[in-house]
Amino acid sequence: MTSVVSHENDVRRFEKWDADGDGLIDRADYEAEARRIVAAFGESLNSGRGRAVMEALVELHRRQAEAAGVGPRGAMNQREYLAANQALMFGRGDEGFDELLRPAISAIADLCDTDRDGLVSRVELRRWLGSAVGLSDADSDAAFDRIDLDGDGALTVDELVIAVREFHYGRLDIPLLG
């Protein structure tokens with residue numbers, strides 16, 4: 001039997017994904033997350049950016065579900081979810097995180113980028129973290145300051161991927177996507 005490394009934030013992420021609270025996460029839970037994020041930005045799921053977020057989160061679920069052995073449309077319990085993330089991310093290091101999470105982070109960052117400058121501003125991050133995880137503006141601003149590694153006042157997709165990875169490893173206590 002394969003040992004699964006349980007990262008506390010990964011357990012918290014499972015609980016966040018479980019939108020209906022049934023102890024399982026399935027495609028519908030990921031779709032609910034996509035709808036919530038897209039709606040927070042006043043976008044339609046039929047728009048290009050709305051569709052990209054939905055497709056990225058559905059693909060994230062598909063990859064995790066297949067790694068968990070429940071099939072591409074299956075439901076994962078917490079143990080299966082943790083095992084899938086171990087195989088896809090933790091066991092593969094930075095490359096695994098990048099492959100699995102960059103598409104979803106990129107799609108959400110593009111949605112957040114309301115001024116279309118290719119970066120996520122402090123105000124844009126507030127909308128994302130407020131809608132996705134319920135952070136207050138003050139907590140979102142504190143998160144922004146920790147994520148903005150180069151201190152330029154804007155977040156790149158790379159900075160966001162690093163932040164999500166650090167969250168999953170328990171080295172960043174900001175409840176981000178992923």
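**Overall architecture and local contacts of an all-helical model**

The protein contains 8 helices and 0 strands. The model is a predicted one. Read from the N terminus, the order of elements is α-α-α-α-α-α-α-α.

The overall dimensions were examined next. For 178 residues, a compact globule would have a radius of gyration near 16 Å, and the value of 15 Å for the protein therefore agrees with that expectation. Along the principal axes, the C-alpha atoms occupy a box of roughly 45 × 35 × 25 Å. Of the 178 residues, 48% are buried. Among contacts with a separation of 6 or more, 58% join residues 24 or more positions apart. The accessible surface amounts to about 7900 Å². Carbon and sulfur atoms contribute 48% of that surface. Charged side chains number 21 positive and 35 negative. The centres of these two sets are 3 Å apart.

Helix α4 spans residues 78-88. Its buried residues are Glu80, Tyr81, Leu82, Ala84, Asn85, Gln86 and Leu88. At the start of α4, Asn77 places a side-chain oxygen within 3.1 Å of the backbone nitrogen of Arg79.

Arg92 follows in the loop between α4 and α5. Its relative accessibility is 33%, so Arg92 counts as partly exposed, falling between the 20% and 50% limits. The side chain of Arg92 forms a polar contact with the side chain of Glu95, at 3.1 Å. Beyond four places in sequence, Arg92 is in contact with Ala87 and Glu99. Asp113 is 21 residues from Arg92 in sequence. The C-alpha atoms of Arg92 and Asp113 are 30 Å apart in space.

Helix α5 covers residues 93-112, and the loop between α5 and α6 holds Arg116. Most residues other than glycine have a negative phi. Arg116 is not a glycine, yet its phi is positive, at about 60°. With a relative accessibility of 47%, Arg116 is classed as partly exposed because this value is not over 50%.

Helix α6 runs over residues 122-133 and includes Arg126. The relative accessibility of Arg126 is 24%, so this residue also counts as partly exposed, since buried would require a value under 20%. Its side chain makes a polar contact with the side chain of Asp141, at 2.8 Å. Residues up to four places away in sequence aside, Arg126 touches Asp137, Ser140 and Asp141. Arg126 and Asp137 are 11 residues apart along the sequence. Their C-alpha atoms are 5.8 Å apart.

Ser140, one of the residues touched by Arg126, belongs to helix α7 (residues 137-147). Its relative accessible area is 0%, so Ser140 is buried. Neighbours within four places in sequence aside, Ser140 is in contact with Leu125, Arg126, Leu129 and Leu135. Thr114 is 26 residues from Ser140 along the chain. A distance of 17 Å separates the C-alpha atoms of this pair.

Taken together, Arg126 provides a link between two helices in the model. Arg126 sits in α6, and its contact partner Ser140 sits in α7. The two residues contrast in exposure: Arg126 is partly exposed, whereas Ser140 is buried.

Technical notes
Residues numbered from 1 in each chain as written. Predicted model: local features only at pLDDT ≥ 70, side-chain atom pairs only at ≥ 80, totals over all residues. Heavy atoms only, no water. Buried < 20%, exposed > 50% of the residue type's maximum accessible area, 1.4 Å probe, protein only. Helix = DSSP H or I, 4+ residues; strand = E, 2+ residues; numbered from the N terminus. Polar contact = N/O pair within 3.5 Å; in protein donor to acceptor, adjacent residues only side chain to side chain. Rg over C-alpha atoms; globule rule 2.2 N^0.38 Å. Contact = heavy atoms within 4.5 Å. Areas by Shrake-Rupley, 256 points an atom, 1.4 Å probe, with all protein chains shown as cover. Lys, Arg positive; Asp, Glu negative; His and termini not counted. Charge placed at Lys NZ, Arg CZ, Asp CG, Glu CD.
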